[in-house]
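Colleague: Thanks for making time for me. Could you walk me through this one, a question at a time?

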Amino acid sequence: MSAKGAYQGLCGIFGCTLINGSAAIIIHEGLKKLEYRGYDSAGLATVHEGKLYVKKGKGKIDEIHRLLNFDDLPGHVGIGHTRWATHGAPSPQNAHPHSDCHGLVAVVHNGIIENFHQLKEELEAKGHVFKSRTDTEVICHLVEEGLEEGLSLKEAVKRALLKLSGSFAVAVVSPLEPDKIVCARKECPLVLGLGENGTFFSSDLPALLWLTNKAVFLYDGDLAVISPQGYSVERIENGEPVDRAVELVSWSPEQAEKGGFPHFMLKEIYEQPQAVRNTLRAPRSYLENMCSVIEGSSKLYLVACGTSYHACLAGSYMLSRLAAIDAKPILASEFSEWCGNLIDEKTTLLALSQSGETADTLDAIKMALEKGAKVLSITNVMGSSITRLSHVYIGTQAGPEVGVAATKTFTSQLAILAQLSLMLGLRRGILEAEEHRALQEALLNVPKVMDFCLGNVGQLVKSIALRYAYAPSFYFLSRGINVATALEGALKLKEISYIHAEGYPAGESKHGPIALIEEGFPCVFIVPKGEVRGRLLGNVMEMKTRGASIISVAEEDDEEVKAFSQDFIGVPSGLPEVLSPIVYVVPLQLLAYYAAVARGNDPDKPRNLAKSVTVT
Ligand code: G6P
C-alpha cells in the first residue's frame with residue numbers, strides 16, 4: 001500500500017519537578033492515565049547530575065516498560081509522552097522525547113507544527129542532524145540554537161515557539177538548567193498541578209488528580225516555568241507575566257474525565273469546534289493523494305454505516321456541487337448486493353468509519369480490494385483495521401469519542417469531505433479561484449461559528465427538549481444537503497432517547513409521511529438560507545396547516561421562519577449552504593441529548609447499541 005496518510009494529533013504529555021523522590025516513577029504512572037490519548041509509542045526523559053537520560057520505544061507503555069524499565073531513570077525532574085497516530089510506522093526514533101544534536105534538551109510535544117518542513121530544511125542547511133521524521137524535532141534544534149547563543153532555557157524556548165505555526169502543548173528540559181521545566185500551549189491542552197512534593201504538568205486534569213487537587217489552567221499562548229517550589233507564567237508573544245490563579249478542584253477522577261460535563265456525549269458535543277479545527281489541519285499532501293486517486297477513477301462510491309453514512313450523503317452532495325463528481329453514497333451492508341458486479345480496477349471506494357473497525361464497512365472494502373478497486377478512508381482511529389486496508393487514509397482529529405452516539409467524529413468527517421470537495425473543485429476547474437477562496441475561508445471559520453452556536457443555543461434547546469421529551473414520534477425534514485442533517489438528527493434522537501423519529505427529504509413528505517400529522521406532531525425543519533429555502537417554506541406550511549408543531553433550525557435573523565415556528569433555534573448567519581450541516585447538526589445533537597436525559601436514559605450507553613459494531 002502506498003501514500004498512507006496519518007499525522008500526529010492527539011498524544012499525552014506529563015512531567016514533574018520534585019523536591020525529592022523519583023520523577024520517573026511518577027511520570028510513568030501519569031502517562032498510564034493519559035494512555036487513552038495515545039498508545040503507539042511512549043518515552044521518558046529525566047535530568048540528573050548534569051546529564052539527560054532518555055528511554056523510549058514503540059508499543060503500549062506497559063510493553064515498553066517491561067523491556068526498558070522506565071522506573072530506574074534517575075533524577076527529580078523529567079518529562080514523558082504517550083503517542084497516538086504516527087507518520088509512517090511507530091518506531092523508537094519517532095517516539096518522544098526528542099533531543100537536539102548535543103543532548104542539550106529533551107522535548108515532548110502534542111500538536112502539529114504546520115511549517116516544520118520549511119524549518120527542518122533551514123536547520124539542516126545550518127548543519128543540524130535530524131534523528132526522527134517528526135515535526136517535533138524542529139523544536140529541539142531551534143532551542144539548541146538559542147542555548148548555544150547564550151539564551152536562558154526559557155528565552156530559547158520562547159524564541160523557538162514564535163517561529164512555529166500550528167498547534168502545540170510542549171515541555172522542555174535541559175541539563176543546563178536542571179531543576180526546571182519550560183512548558184507552553186497553543187490550541188492543545190495543558191494544565192499544571194501544585195503538590196506538596198513538587199510541581200507537575202499534564203495534558204489533562206484527570207491524570208493529575210491522584211497527586212493534587214490544586215490546578216492551574218494555562219491559556220492559549222501561555223508559557224510556564226515550573227520548579228519544585230512553584231510556577232510562573234508569561235505570554236509567549238511578548239514575555240509579559242500573567243497571573244493564572246490556582247484552582248481547587250473538587251471533581252472526582254471520574255467527573256474530571258468528563259471535563260465537568262455530566263456525560264461524555266455532552267462533552268464531545270462541546271468539543272466539536274476544536275475537533276473540527278484540528279481536523280482542518282490535515283496536511284494538503286494527504287488530500288492531494290486522495291484527489292489523484294479519485295480523478296483517476298471512473299466510479300466513486302462513498303461507503304459507511306450509521307452516522308458515518310450520513311456523512312457520506314452530505315459528502316456526495318458536496319462532491320457533486322463543488323467538484324461536479326458523481327459519488328454514490330451507499331450503506332456498507334448493502335454494498336455488495338447493489339454494487340458488487342459494478343466494481344473494477346477503475347472503481348474507488350471512499351469508506352468512512354469513526355472506529356475503523358465496523359465489520360460491514362471492512363467487508364465492503366475487502367470485496368472491493370479483491371476486485372482491484374482503490375480504497376480511500378477517513379477514520380478517527382489511527383492503526384485501526386481500515387487504515388491497514390486503505391491505499392490512502394486521512395485521520396479526523398476528533399480525539400477519542402466515548403459516547404456511543406457519534407457527534408464530534410461526524411462533524412470532523414464532514415470537514416474533511418468539504419476540504420476534499422473544494423480541492424477537487426479547484427483542480428477540475430469547476431470552482432473559480434475566487435469562489436474557492438471564499439468557500440475555503442468560510443470552512444476555516446466553521447469552528448468559530450460552531451462556538452457561537454454552542455454558546456447561544458444550549459439552554460434554549462434544553463427547554464425545547466424538556467417540552468417534547470414524551471412526544472411519541474418526531475419528523476426531521478429538509479432539502480438538499482441538509483437531508484443528511486435531518487437523517488442524522490432523527491438517528492441521534494432515536495438512538496439515545498428511544499423516541500421514534502424519521503428523517504425525510506421534505507419534498508417527499510407529502511407522499512406519505514404527512515398522513516401521520518395531527519395536532520402537536522413535532523416536525524423539526526432545517527432551513528438554511530440558500531437555494532432550498534423557498535421550496536422548503538412551502539413544505540413547512542403543508543405541515544403547519546395540518547397541526548404540526550414546527551421546530552425550526554434557521555439563520556438567527558430569519559424572521560419569516562421565526563414567525564411560523566412554535567420553536568425557533570437560530571444559528572449564526574452567512575454560512576454557505578454546502579457547509580451548513582457541520583453547524584446545523586449541533587442543535588439536533590443537543591436536542592437528542594437533553595431528551596434522553598429528561599427521560600432518565602444514559603445517553604453515553606444507549607440500550608442495544610455498541611460504539612463499534614464488529615459483526616455483520
Ligand atoms: C455503530 C455506532 C454508530 C456508528 C456506526 C458506524 O452503530 O453506534 O454511532 O455511526 O456504528 O460506526 P463507524 O465506527 O464505522 O463510524
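Modeller: Gladly, and please bear in mind that this is a predicted model. Let's begin with Ala324, which sits in the loop between helix H10 (306-323) and strand S17 (327-331).

Colleague: Is Ala324 buried, partly exposed or exposed?

Modeller: Buried means under 20% relative accessible area and exposed means over 50%, with partly exposed in between. Ala324 has a relative accessible area of 42%. That value lies between the two cut-offs, so Ala324 is partly exposed.

Colleague: What is the phi of Ala324?

Modeller: Ala324 is a residue other than glycine, and its phi has a positive value. The angle is near 50°.

Colleague: Which other loop residue has a positive phi, near 65°?

Modeller: Look at the loop between helix H16 (482-497) and strand S22 (500-505). The residue there is partly exposed, at 23% relative accessibility. It is a residue other than glycine, with phi near 65°: Tyr498.

Colleague: Which residue does a cis peptide bond join to His96?

Modeller: The omega of this bond is about -5°. The partner is found in the loop between strand S4 (77-83) and strand S5 (98-99). It is Pro97.

Colleague: Is Gln413 buried or exposed?

Modeller: Gln413 belongs to helix H14 (residues 408-427). Leaving aside neighbours within four places in sequence, its contacts include Ser308, Ala311, Leu352 and Thr396. The relative accessibility of Gln413 is 2%, and the cut-off for buried is under 20%, so Gln413 is buried.

Colleague: How much space lies in the largest pocket?

Modeller: In general, rolling a probe the size of a water molecule over the atoms shows where empty space is left. Here 48 residues line the largest pocket, and among the closest to its centre are Arg37, Lys267 and Glu271. The space in the largest pocket is about 1400 Å³.

Colleague: Which helix supplies the largest share of the lining of the largest pocket?

Modeller: Strand S6 (106-113), helix H6 (253-257), helix H7 (264-270) and helix H8 (272-279) each supply at least two residues of that lining. The largest share is five residues, and it comes from H8.

Colleague: How many charged residues does the lining of the largest pocket have?

Modeller: The lining draws at least three residues from each of domain 1 (12-257) and domain 2 (265-598). By class, there are 25 nonpolar and 10 polar residues in the lining. The number of charged residues is 13.

Methods: Residues numbered from 1 in each chain as written. Predicted model: local features only at pLDDT ≥ 70, side-chain atom pairs only at ≥ 80, totals over all residues. Heavy atoms only, no water. Helix = DSSP H or I, 4+ residues; strand = E, 2+ residues; numbered from the N terminus. Buried < 20%, exposed > 50% of the residue type's maximum accessible area, 1.4 Å probe, protein only. Contact = heavy atoms within 4.5 Å. 1 Å grid on protein atoms, 1.4 Å probe; cavity = no way out; pocket = protein on both sides within 12 Å on 5 of 7 lines; lining within 4 Å. Points joined across faces, edges and corners; volume = space filled by probe spheres on them. Nonpolar A, V, L, I, M, F, W, Y, C, P; charged D, E, K, R; others polar. Domains from an automatic or database assignment.
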